[in-house]
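Here's a quick tour of a protein model, written for someone meeting it for the first time. Keep the structure open while you read, and find each spot as we get to it.

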Amino acid sequence: MQNNFREATVAATTTRVLRLLSLLQDRAHSGRELAERLGITDRTLRNDIQRLRELGYPVHAERGAIGGYRLGRGSTMPPLLLDDDEAVAVAVAIGLAEDGSTGIADITDNAARALAKLEQILPKRLQRKVTALRNATAIGPATTGSREPDAPVPAAVLTTLAGAIRDGATVLIGLDTNADKEIEPYRLINWQRRWYLVAYDLETHCWQAIPVAQMRRAVAGSRRFAARSLPDEDLVAFVMRHIATTGWKVQARVTVLAPAETVIARINPAVGVVEAVDADTCVLLTGADALETIAIYLSMLMMDFRVDGPPELVAHLRTLARRYTESVALAS
């Protein structure tokens, strides 16, 4: 009986100290506020603060009317407390870093170790969310040069889509430009800090690469579906082609005076689709969110080309040509 009482007391104290740590990680608090939130006396609060300090947490106390307790920076890395959403967000972000999407050469091994430690202690309900999102996601190819603006998406939408992909369940999505529709989700693609969903549209009966940023909401349905034959064995390539031909605000058609194989070797799949005309000429169908970006892409080709459209791009390139010509004349 005495041992049970002692164990219950230790457990209650540990739970209370962890809750205190969670409060301090949020912001600074007065001693009275902390005592009231935890339902303890000032003396017990001081004892719990001391316990945290002994564990390596640098809890600072300040006197005065605006004084109180706050968590400072220490010389060591003590454990962190994360709520459910924070834990899922950190695990997913580390997972993307492990896949090499950060562009940092020596981060992969460290990210893998950090993710293993986090996954070891995640509750099963959170582990299922993280695993579903990781298994449902493929990473698009790395790019160089100009990058399009970010298109952030809510984590709840991603976890809903990933869970539906895992379960083979339809999803009801609401898009910016259309009424709600039911789709069969198959794969999430992350490219240039943007998310796309490869899905079969049950309304139009066609495959789509849907920008997740355009979804107002996503609700998992209860109806299960049998997997269809995919539109491409490489769904990343499918999304890249979709982005190049329809996924941008501005589209362009360019004739390049070089063999198609040479141009394909120079560009990223998302920059454009290349169609051969003859042995020495090809057509590049490309796009971006701004004319300026397309102009940068074309300059990076380092090949002769002719813009077939749109007229706005031709006018922009003429302006650039004039500026470049004048800058060289001034330099000489």
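In which helix is arginine 16 found? Arginine 16 sits in helix α1, which covers residues 2-26. One thing to keep in mind as you look around: this is a predicted model. Below we'll go through arginine 16, some salt bridges, a pair of helices and a leucine.

**Arginine 16 and its neighbours**
- The side chain of arginine 16 makes a polar contact with the side chain of aspartate 48, at 2.6 Å.
- Leaving out residues up to four places away in sequence, arginine 16 touches Leu38, Ile40, Thr44, Asp48 and Arg51.
- Two of those names come back in a network of salt bridges, which links Arg16, Asp48 and Arg51.

**Salt bridges elsewhere**
- How many salt bridges does a search of the whole structure find? The search turns up 13 salt bridges.
- One of them joins arginine 228 to glutamate 184, with the closest N and O atoms 2.8 Å apart. Arginine 228 is in the loop between β8 (215-224) and α8 (235-246), while glutamate 184 is in strand β5 (residues 181-191), so this pair ties together parts that are 44 residues apart in sequence.
- Are the two partners buried or exposed? Glutamate 184 is buried, with a relative accessible area of 3%, whereas arginine 228 is partly exposed, with a relative accessible area of 36%.
- Aspartate 232 forms a salt bridge with arginine 241, and here the closest N and O atoms are 2.6 Å apart. Arginine 241 counts as partly exposed because its relative accessibility is 35%, and the range for that label runs from 20% to 50%.
- Arginine 253 pairs up with aspartate 308 in another salt bridge, its closest N and O atoms being 3.9 Å apart. That pair links distant parts of the chain: arginine 253 is in strand β9 (residues 250-256) and aspartate 308 is in strand β12 (residues 305-309), 55 residues apart.
- Both ends of that bridge are partly exposed: arginine 253 has a relative accessible area of 41%, and aspartate 308 is at 38% relative accessibility.

**Helix α7 and its partner α6**
- Helix α7 (residues 155-167) has 13 residues and reaches 18 Å from its first C-alpha to its last, close to the 18 Å expected at 1.5 Å a residue.
- Plenty of names show up when you ask which residues of α7 are buried: Val157, Leu158, Thr159, Leu161, Ala162, Gly163, Ala164 and Ile165.
- What follows α7? Glycine 168 does, and its phi is positive, near 65 degrees.
- Two packed helices are described by the angle between their axes and the distance between the axes.
- The axes of helix α6 (residues 124-136) and α7 come within 8 Å and cross at roughly 75 degrees. Angles of 65 to 115 degrees count as roughly perpendicular, and α6 and α7 are therefore roughly perpendicular to each other.
- Where they meet, α6 brings Arg128, Ala132, Leu133 and Ala136, and α7 brings Leu158, Ala162, Gly163, Ile165, Arg166 and Asp167.

**Leucine 298**
- Leucine 298 has its place in helix α10 (residues 291-301).
- Why does leucine 298 count as buried? Its relative accessibility is 2%, and buried means under 20%.
- Not counting residues up to four places away in sequence, leucine 298 touches Val254, Leu284, Phe305, Val307, Leu313 and Leu317.
- Valine 254 is 44 residues from leucine 298 along the chain, with 8.9 Å separating their C-alpha atoms.

Notes. Residues are numbered from 1 along each chain as its sequence is written. This is a predicted model: local features need pLDDT of at least 70, side-chain atom pairs count only at pLDDT 80 or more; totals for chains, interfaces and linings use all residues. Side-chain values use heavy atoms; hydrogens and water are left out. Helices (H or I, at least four residues) and strands (E, at least two) are DSSP runs, numbered from the N terminus. A polar contact is a pair of N or O atoms within 3.5 Å; within protein, one must be able to donate a hydrogen and the other to accept it, and residues adjacent in sequence count only if both atoms are side-chain atoms. Contact means heavy atoms within 4.5 Å. The expected span of a helix is 1.5 Å times one less than its number of residues. Buried means under 20% relative accessible area, exposed over 50%, partly exposed in between (1.4 Å probe, protein chains only). A salt bridge is a side-chain nitrogen of Lys or Arg within 4 Å of a carboxyl oxygen of Asp or Glu. Axes are lines fitted to C-alpha atoms, for helices over the stretch in contact, and angles run from 0 to 180 degrees between N-to-C directions. Angles under 35 degrees count as roughly parallel, over 145 as roughly antiparallel, 65 to 115 as roughly perpendicular and the rest as oblique.
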